[in-house]
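Colleague: I would like a close look at one part of this protein, the backbone spots that break the usual rules. Please take me through them.

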Amino acid sequence: PTSAPTVSVEPTSLPRPAPSSSPTSAPTPSPTTPAPSSSPTPAPTPLCTEGTFLNTTSHTCQGCASGWVSAGGVGATACSECPLGQFPNSEQSECRPCGAGFETNSDITGCEQCTEGRYSDGIRIKICWDCAVGKYSSNSTAVACDSCEAPLTTMSEGSTSCDACKRDFYQTGFDTGGEPVCEECPTEGVGCGESGITIQSL
């Protein structure tokens, strides 16, 4: 008798899985680059040098006006005015006083000499002062005024010479040096109750 054919019990191929009925998950989005800002980037604050200050409106450094100073650097948003009798140095970074016999000039950029009839002792406020009545100065850059020798005096403050006679004296003329010649008033009948009386006014 013939042998029975061999039957294979293993499937020739694996069955395909049934499609899944669950929804598929959405793909994870990749990070996006933020859009550039439309606002302009603020400019860095400039560091102002000596003699300049930061104008907070224009954001620029500007020079100090004549007679004003600034040390510059951080926080220098304004200049300071030099006090009376002082002037800025060449960099306009600090104020400096004038020396004796001098005062600041009109535009406060330096010092100038005291004129005749005035003085500056360098101790008080550094400006020139008029000589008091009874004193005079015939030189510029004076640090003090000279006193008139009795019976001479001056008619007003700021005199450059002794130009009058004191009270109780009257002037009869001038000497060779141009100073008044004074004579004592008589005790009766003549009014010499003030300075500056001349023989013509008696």
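Modeller: Here is a walk through the unusual backbone geometry, followed by a look at one strand residue. Keep in mind that this is a predicted model.

Start with the general expectation. Most residues other than glycine have a negative phi, and most peptide bonds are trans.

Now the peptide bond. A150 and P151 are joined by a cis peptide bond. Its omega is about 10 degrees. P151 sits in a loop. That loop runs between β12 (146-147) and β13 (152-153).

Next, phi. Q92 is not a glycine, yet its phi is positive, near 55 degrees. Q92 is in the loop between β5 (86-88) and β6 (95-97). Is Q92 buried or exposed? Its relative accessibility is 23%, so Q92 counts as partly exposed. The cut-off for buried is under 20%.

T141 also has a positive phi, at about 60 degrees, and T141 is not a glycine. Look for T141 in the loop between β11 (135-136) and β12. T141 has 29% relative accessibility and therefore counts as partly exposed.

Finally, the strand residue. T104 belongs to β7, which spans residues 102-104. T104 counts as buried because its relative accessibility is 16%. What does T104 touch, leaving out residues up to four places away in sequence? Its contacts are G85, Q86, F87, C98, G110, C111, E112 and K126.

Methods: Residues numbered from 1 in each chain as written. Predicted model: local features only at pLDDT ≥ 70, side-chain atom pairs only at ≥ 80, totals over all residues. Heavy atoms only, no water. Helix = DSSP H or I, 4+ residues; strand = E, 2+ residues; numbered from the N terminus. Buried < 20%, exposed > 50% of the residue type's maximum accessible area, 1.4 Å probe, protein only. Contact = heavy atoms within 4.5 Å.
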